[in-house]
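Reader: I would like to learn how to read a structure like this one. Could you walk me through it?

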Amino acid sequence: MGRHVSPERRRSLRASTAAAVAGILLLTGAVGFAGYSIWAQVRAPTRARPTTATAPKATLTLTVTGPRCQVFVGVPGGDILVNRTLAHGQSVRFDDPSLNVVLDDAGAVQVYVNGVRRPPGEPGRRVAFTAVRS
């Protein structure tokens with residue numbers, strides 16, 4: 001003979017099972033999103049290559065000389081190449097024909113456009129400019 005389960009207990013078991021399944025799906029989604037975010041962060045700098053600040057063929061080379069600087073570099077009307085904080089000594093280089101650049105601390109970065117150093121910016125001042133390959 002089978003075991004009798006009351007309708008109330010059956011509803012309670014269904015609710016518990018549904019909550020557990022929803023929790024597992026939510027956790028799986030969160031882990032997947034976190035994994036994708038980490039993968040995207042690791043993969044993003046592939047167009048930005050570390051280099052010395054005197055590379056003559058680069059359209060743009062940035063080297064952080066201060067403690068840190070928030071850097072944004074993007075192709076006009078297109079991809080965002082870098083949008084992150086770089087630490088002292090980090091350097092990025094881009095060969096795209098035209099680039100929009102925003103530096104949150106102009107005095108903390110050495111900027112070379114087409115191998116020519118731009119005059120240093122004022123410390124703590126935000127600067128935005130377009131670098132065009134010559």
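Author: Gladly, and one term comes up front: two residues are in contact when heavy atoms lie within 4.5 Å. With that in hand, Val73 touches Leu60, Leu62, Ile80, Leu81, Val82, Phe94, Leu99, Asn100 and Val101, leaving aside residues up to four places away in sequence. Keep in mind that this is a predicted model.

Reader: Thanks! Which helices and strands does the chain contain, and in what pattern?

Author: The chain has one helix and eight strands. Along the sequence they follow the pattern α-β-β-β-β-β-β-β-β.

Reader: How should I read a sheet, and in what order do the strands of this one lie?

Author: In general, strands of a sheet pair through backbone hydrogen bonds, either parallel or antiparallel. Here four strands make an open sheet in the order β3-β2-β5-β8, with antiparallel pairing. Strands β3 (80-87) and β8 (127-132) stand at the edges with a single partner strand each, so one side of each has no neighbour in the sheet. From one strand to the next, the twist averages 15 degrees.

Reader: How many bridges join β2 to β3, and which residue of β3 stands opposite Val71?

Author: Strand β2 (residues 68-74) is joined to β3 by seven bridges, and Val71 faces Arg84 of β3 across that pairing. On to the next pair: β2 and β5 (residues 98-103) share four bridges, with Phe72 opposite Val102 in β5. Finally, β5 and β8 pair over six bridges, where Asn100 stands opposite Thr130 in β8.

Reader: Now the interior, please. Which residues of the largest nonpolar core touch the most other members?

Author: The general idea is that in soluble globular proteins, nonpolar side chains tend to be buried together. In this model the largest nonpolar core has 20 residues, and Leu60, Leu62, Val73 and Leu103 touch the most other members. The elements giving two or more residues to this core are β1 (60-64), β2, β3, β4 (91-94), β5, β6 (109-113) and β8. Our earlier example fits in here: the contacts of Val73 include Leu60 and Leu62.

Reader: And for the chain as a whole, what share of the residues is buried?

Author: Counting as buried those under 20% relative accessible area, buried residues make up 26% of the 134 in the chain. The chain exposes about 9000 Å², of which carbon and sulfur atoms supply 59%.

Reader: What share of the contacts join residues at least 24 apart?

Author: Among contacts between residues at least 6 apart in sequence, 62% join residues at least 24 apart.

Conventions
Residues are numbered from 1 along each chain as its sequence is written. This is a predicted model: local features need pLDDT of at least 70, side-chain atom pairs count only at pLDDT 80 or more; totals for chains, interfaces and linings use all residues. Side-chain values use heavy atoms; hydrogens and water are left out. Two strands pair if DSSP finds at least two bridges between them. Axes are lines fitted to C-alpha atoms, for helices over the stretch in contact, and angles run from 0 to 180 degrees between N-to-C directions. Buried means under 20% relative accessible area, exposed over 50%, partly exposed in between (1.4 Å probe, protein chains only). Accessible areas come from the Shrake-Rupley method with a 1.4 Å probe; for residues, only the protein chains shown count as cover. A nonpolar core is a set of buried Ala, Val, Leu, Ile, Met, Phe, Trp, Tyr and Cys residues joined through side-chain atoms within 4.5 Å.
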